[in-house]
Amino acid sequence: MMEIYISTDIETDGPIPGPHSMLSLGSAAYLPDKTLISTIEINFETLPGATGHPETMEFWSRYKKAYQYTRVDTQSPEGGMQQYVDWVEELEGKPVFVAYPAGFDFLFVYWYLIKFVGRSPFSHSALDMKTFAMSLMGKGYRESTKRNMPRHWFDRHPHTHKALDDAIEQGALFCNMLADWQERPGNSKLF
């Protein structure tokens, strides 16, 4: 069964789940050849008793429209995460969670999955794009930032701080990185 790369971006009101909430989740499902096959975006009600972290809320004060977008048509965490699991499980292929950085996005998504659904369709693993870039570029982890990545890895997608827009942008970036990886001798051909 072919892998499907689930490029995911989230928006939050703080650095960790529980004391803070995931406000929005956007995922874009890509085939290895960069075919975008499906998307989902869910805005969440905040967790009971959770509050916005001052530094995160300062960030949102500079992106007021994007923040307001996360507050439209919110769903309960239980209902929204079940909808998300149903969407992932309807895809025909093995889902691989992909994010930049996976350490942040997957932390929230996995916590919400386990707390509100009781399981994860990704098991407990995620593919970190920055680590993948490090191996492709032959640079240290801290040097493997977007500004140091080859320009041909980037398509013309906006980075808006809206979860789905950013998931689509980063999914295309990942697929371009994957194409470069496949060109290297000895690597498997995925498409």
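Salt bridges in a predicted model

User: Why is Glu 58 called partly exposed?

Analyst: Glu 58 has a relative accessible area of 45%. Buried means under 20% relative accessible area and exposed over 50%, with partly exposed in between (1.4 Å probe, protein chains only). Therefore Glu 58 counts as partly exposed. This is a predicted model, where local features need pLDDT of at least 70, side-chain atom pairs count only at pLDDT 80 or more, and totals for chains, interfaces and linings use all residues. Residues are numbered from 1 along each chain as its sequence is written, and side-chain values use heavy atoms, leaving out hydrogens and water.

User: What makes Arg 62 exposed?

Analyst: The relative accessible area of Arg 62 is 53%, and exposed means over 50%. Arg 62 is therefore exposed.

User: Why is the contact of Glu 58 and Arg 62 called a salt bridge?

Analyst: A salt bridge is a side-chain nitrogen of Lys or Arg within 4 Å of a carboxyl oxygen of Asp or Glu. The side chains of Glu 58 and Arg 62 meet at 3.6 Å, N to O, so the pair fits the definition.

User: How do you know that Lys 34 and Asp 155 form a salt bridge?

Analyst: Their N to O distance is 2.7 Å, and the limit is 4 Å, so the pair qualifies.

User: What makes Asp 155 partly exposed?

Analyst: Asp 155 has 30% relative accessibility, which lies between 20% and 50%, so the term is partly exposed.
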